[in-house]
Amino acid sequence: MRRIVLFLLCLLPLALGAAPATRVVALAPSLAELVYALDAGPRLVGRTLHSETPEAVRTLPVVGPYFRPDIERIMALRPDLCLAIRDGTPQATVRRLRQLGVPVLELAPETFEGLAETLLCLGHALGVEAKAERAVTLLRDRLAAMDRQIRSIPENARPVVLLQVQALPPMFAGADTFCGDLIRRAGGRNPLSGPLPYPLLDVEDVLALRPDVILIPDMVRADEAQALWRRFPAIPAVRHGRIHVVSADVFNQPTLRSLDALETLHALLYPPKESSTSTGGPALTMSSAPGGMQSVTKTN
């Protein structure tokens, strides 16, 4: 039943019986990357700022930033489909494009299961259903393997993890976000289960939460963030040297490379005992990603 509902939702913004889209504008970096992951990159004619993976996407025209796409630039590309994030792309942009006759497919990769549904919807819209099904099978197989690894770890034995998305003032990913799902599936506990998806926390809040691990994506002025927390050795993550600078491109974007982020994060949360007490300098963990891409995690 869920798959039937999903199929119908994919059809809503598109004309019944219409041919697969051939001139697509991706209004989020993650959606552009997913189109390439389905070997449909030649269909893309436009992207938003900071769409940089894979390298081929960088040659496409930019239609503005993710949070404020430019309608005129989009229309100049004569798209037959725009791809949007349901809770990210401005609704005013979505409404205006539809008023101008451009179909907009709103997708919701807010969890790993939402990422699977997004792939299936893209597969239908682009006429590459078989490739989407294969990608989803790979996704679910690797998720199942991770589930087996963490199944035996009691909830109260799992480390408390905060993922910072803004340096100053400090802002963190809540439990009901893609990053929150990443933390949970890797075997961590995200204590930020309140109504705000990305709450601002002051130092006293972080001291009270006592995180065992703090993750800082490399796009959020990581040096300043690290310097702030290192002033407070009462925080377990500081005291035990478990502040990790990670690749924002890999950890923050819901794509197939998120599976690499999941496995890398699990290794950071549950290091071999001999590694957890080492006092050496930063270590780099390289992992292969779909399409030959590489993700880098810096551990401090």
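With the whole protein chain in view, start with its contacts: among those with a separation of 6 or more, 61% are between residues 24 or more positions apart. Keep in mind as you look around that this is a predicted model.

**Stop 1: the whole chain**

Switch to a cartoon view. The secondary structure of the protein chain comes to 13 helices and 10 strands. Now turn on the surface: about 14,300 Å² of the protein chain is accessible, and carbon and sulfur atoms account for 56% of that area. Of the 300 residues in the protein chain, 51% are buried.

**Stop 2: helix 2 against helix 5**

Select residues 29-37, which are helix 2, and then residues 112-126, which are helix 5. Two packed helices are described by the angle between their axes and the distance between the axes. Here the axes of helix 2 and helix 5 come within 10 Å and cross at roughly 60 degrees. Which hand does the crossing of helix 2 and helix 5 have? The crossing is right-handed.

Next, show side chains. From helix 2, pick Leu31, Leu34 and Val35; they meet Leu115, Thr118, Leu119, Leu122 and Leu126 of helix 5. Sorted by type, the residues of this contact are seven nonpolar, one polar and no charged.

**Stop 3: a ring pair that starts in helix 5**

Stay with helix 5 and move to its residue phenylalanine 112. A pair of aromatic rings is described by the distance of the centres and the angle of the planes. The model has two aromatic pairs. In one of them, phenylalanine 112 and phenylalanine 178 sit 4.8 Å centre to centre with 40 degrees between the planes, a tilted arrangement. Distant parts of the chain are linked here: phenylalanine 112 is in helix 5, phenylalanine 178 is in helix 7 (residues 178-185), and the two are 66 residues apart.

Are these rings buried or exposed? Phenylalanine 112 counts as buried because its relative accessibility is 0%. Phenylalanine 178 has a relative accessible area of 6%, so this residue is buried too.

**Stop 4: the other ring pair**

Now select phenylalanine 172 and tryptophan 229. Their ring centres are 6.2 Å apart and their planes are at 45 degrees, so this pair is tilted. Again the pair links distant parts of the chain: phenylalanine 172 belongs to strand 6 (residues 171-172) and tryptophan 229 to helix 9 (residues 222-229), 57 residues apart. Turn the surface back on to finish: both phenylalanine 172 and tryptophan 229 are buried.

How values were computed. Residues numbered from 1 in each chain as written. Predicted model: local features only at pLDDT ≥ 70, side-chain atom pairs only at ≥ 80, totals over all residues. Heavy atoms only, no water. Phe/Tyr/Trp six-rings, centres within 6.5 Å; stacked < 30°, edge-to-face > 60°. Helix = DSSP H or I, 4+ residues; strand = E, 2+ residues; numbered from the N terminus. Buried < 20%, exposed > 50% of the residue type's maximum accessible area, 1.4 Å probe, protein only. Contact = heavy atoms within 4.5 Å. Areas by Shrake-Rupley, 256 points an atom, 1.4 Å probe, with all protein chains shown as cover. Axes fitted to C-alpha atoms, helices over the stretch in contact; angles between N-to-C directions. Left-handed = near helix turned anticlockwise from the far one by under 90°. Nonpolar A, V, L, I, M, F, W, Y, C, P; charged D, E, K, R; others polar.
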